Amino acid sequence: GYPTNTKIDIVSATSLPVPAITICNSNFAQASAINSLENQAFICHTFGSTSANNPQSCPFTAEQREQILAGDTRLPSAVFRQLGQSKERLGPDRLVNQISDPPRFVFVNSSSLTPLVTQSGLCHTFNDNGSHPAIRTIGVAGGVRFIVDIDQNNYEGISLLSAGVEVYLHSPGEPVIRPQNAIYVGPGQRANIALKPVKRSFQAAPYRTPSCTSENLNRDKSQPYSVTQCMLECQEQNITSACGCLPLTVPAGTVITASDGRRVSRHCSVLEFFNCSSTIATQFETDAEASRECRSFCLHPCEMAGDQFIFDFSLSWDLFPNYIIATTMASVLADLGLYNNRYGLDNVSYIRENFAQINIYYNRLSYTAMDEQKALTLSSLIGSIGGNMGLFIGASLLTLVEFAQFVLRFCRAKFRRRMHSEDTEHGRRVAMKCAGSHGGRDDATAL
């Protein structure tokens with residue numbers, strides 16, 4: 001594309017929006033939830049085993065797994081909801097209510113979280129509809145806080161070498177594609193996430209290749225356009241066309257027209273999820289060629305909507321909780337009858353090995369505006385030409401006018417001189433002719 005410059009401004013604000021915050025336990029399935037033949041077959045089909053102690057063990061042959069999963073009438077999204085961690089673990093309400101000391105300690109509770117099923121398991125989102133009041137106070141005290149129970153003793157333990165949660169920051173209404181842009185928080189940590197919002201604008205073609213778009217390319221035009229939403233819907237379109245069913249990320253009641261013109265409203269079964277949908281989704285996320293067409297279609301918006309931001313951040317960690325707070329929390333849990341000797345651990349040990357705190361806040365009430373501008377406009381082009389001419393040949397636009405005037409006068413003088421010369425020559429010839437004629441007559445008279 002043509003060259004561009006980026007103008008960067010720091011814009012002050014009296015308040016800034018709370019992003020949508022999605023939290024996903026890195027654990028795909030809780031061990032306590034693998035309590036049915038269908039769920040065992042699901043896990044076994046996913047990882048090739050149902051036991052962390054013996055990864056080679058699987059109570060079913062491949063044919064038996066296919067048969068069990070073929071008879072599973074649940075939707076894959078329902079299976080993910082059963083296997084995933086409940087939102088109560090992401091906001092232990094009774095504990096939070098006891099230790100909160102408003103306004104210094106205000107924590108999110110589970111009632112504020114919305115379940116979100118992704119291709120990689122169950123997550124929960126805070127402020128998914130953007131209804132949370134804007135932040136007007138800087139620092140940790142003015143932000144949003146979570147206490148998370150990671151519950152690592154309940155991991156299925158086959159696919160993971162670590163324990164923790166993934167945190168995603170995005171605009172409300174925008175989807176999450178795991179594991180892109182994840183912030184990982186482990187047990188026993190306090191993560192301090194200082195937000196640095198950015199708003200960008202882009203130039204259209206030919207200044208940018210590929211161009212940006214001013215059109216809302218979303219399936220649902222009521223939602224603000226975003227590249228992430230467009231890419232997810234393009235992926236869903238490809239899965240629907242290839243598998244003949246809707247992937248689990250598509251909301252119920254949605255109808256998608258496949259590439260061959262079929263109108264599809266049926267969600268994929270569990271077996272179709274394994275044999276088709278998840279395979280295409282994995283290729284889409286790992287193979288650049290598989291997503292090339294979608295990337296060429298899903299252009300950046302030329303202008304971001306007023307409440308849309310890209311949420312950059314800085315991150316720091318420290319130990320959570322300290323010994324005194326851990327003892328206090330353990331006492332509260334004991335009074336509430338929670339977690340007593342859970343997995344054979346006393347409450348202090350359980351808290352230190354499974355709890356984490358997440359603080360999300362602004363360090364300053366301002367955002368960065370990055371405006372892509374044309375590197376060369378018409379006025380700057382004219383100025384550049386004049387400047388270069390003045391630099392290299394000592395000329396300016398006024399000099400050009402004077403030079404043109406000089407050429408015109410020179411040509412005019414040349415033309416007049418030529419005309420005068422021709423008139424003089426013509427007069428001389430006439431005079432000579434007349435003189436010759438008179439001379440002849442005088443000679444005749446003399447004779």
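Helix pairs whose axes cross at angles under 35 degrees count as roughly parallel, over 145 as roughly antiparallel, 65 to 115 as roughly perpendicular, and the rest as oblique. All the views below come from a predicted model.

**View 1. Helices H2 and H6 pack against each other.** Here H2 (residues 62-70) meets H6 (residues 270-286) at about 125 degrees, and their axes sit 7 Å apart. That angle falls in none of the named ranges, so the two helices are oblique to each other. On the H2 side, look for Glu 66, Leu 69 and Ala 70; H6 brings Val 270, Leu 271, Phe 274 and Asn 275. Sorted by class, that's 5 nonpolar residues, 1 polar and 1 charged.

**View 2. The largest nonpolar core has 29 residues.** Ile 21, Phe 146, Val 167, Leu 169 and Ile 358 touch the most other members. Strands E2, E5, E6, E7, E8 and E12 each chip in two or more residues, with E12 giving the largest share, 4 residues. A separate core of 21 residues lies apart from this one, and includes Ala 33, Ile 34, Ala 41 and Ile 68.

**View 3. Zooming in on Ile 21 and its contacts.** Beyond its neighbours within four places in sequence, Ile 21 touches His 124, Thr 125, Phe 126, Val 144, Phe 146, Val 167, Tyr 168, Leu 169 and Ile 360.

**View 4. Asn 359 is a buried residue in strand E12.** Its relative accessible area is 0%. The side chain of Asn 359 makes a polar contact with that of Asn 192, at 2.9 Å. Among the other residues Asn 359 touches are Val 140, Val 144, Arg 145 and Arg 190.

How values were computed:
Residues are numbered from 1 along each chain as its sequence is written. This is a predicted model: local features need pLDDT of at least 70, side-chain atom pairs count only at pLDDT 80 or more; totals for chains, interfaces and linings use all residues. Side-chain values use heavy atoms; hydrogens and water are left out. Buried means under 20% relative accessible area, exposed over 50%, partly exposed in between (1.4 Å probe, protein chains only). A polar contact is a pair of N or O atoms within 3.5 Å; within protein, one must be able to donate a hydrogen and the other to accept it, and residues adjacent in sequence count only if both atoms are side-chain atoms. Contact means heavy atoms within 4.5 Å. Axes are lines fitted to C-alpha atoms, for helices over the stretch in contact, and angles run from 0 to 180 degrees between N-to-C directions. Ala, Val, Leu, Ile, Met, Phe, Trp, Tyr, Cys and Pro count as nonpolar, Asp, Glu, Lys and Arg as charged, and the others, Gly among them, as polar. A nonpolar core is a set of buried Ala, Val, Leu, Ile, Met, Phe, Trp, Tyr and Cys residues joined through side-chain atoms within 4.5 Å.
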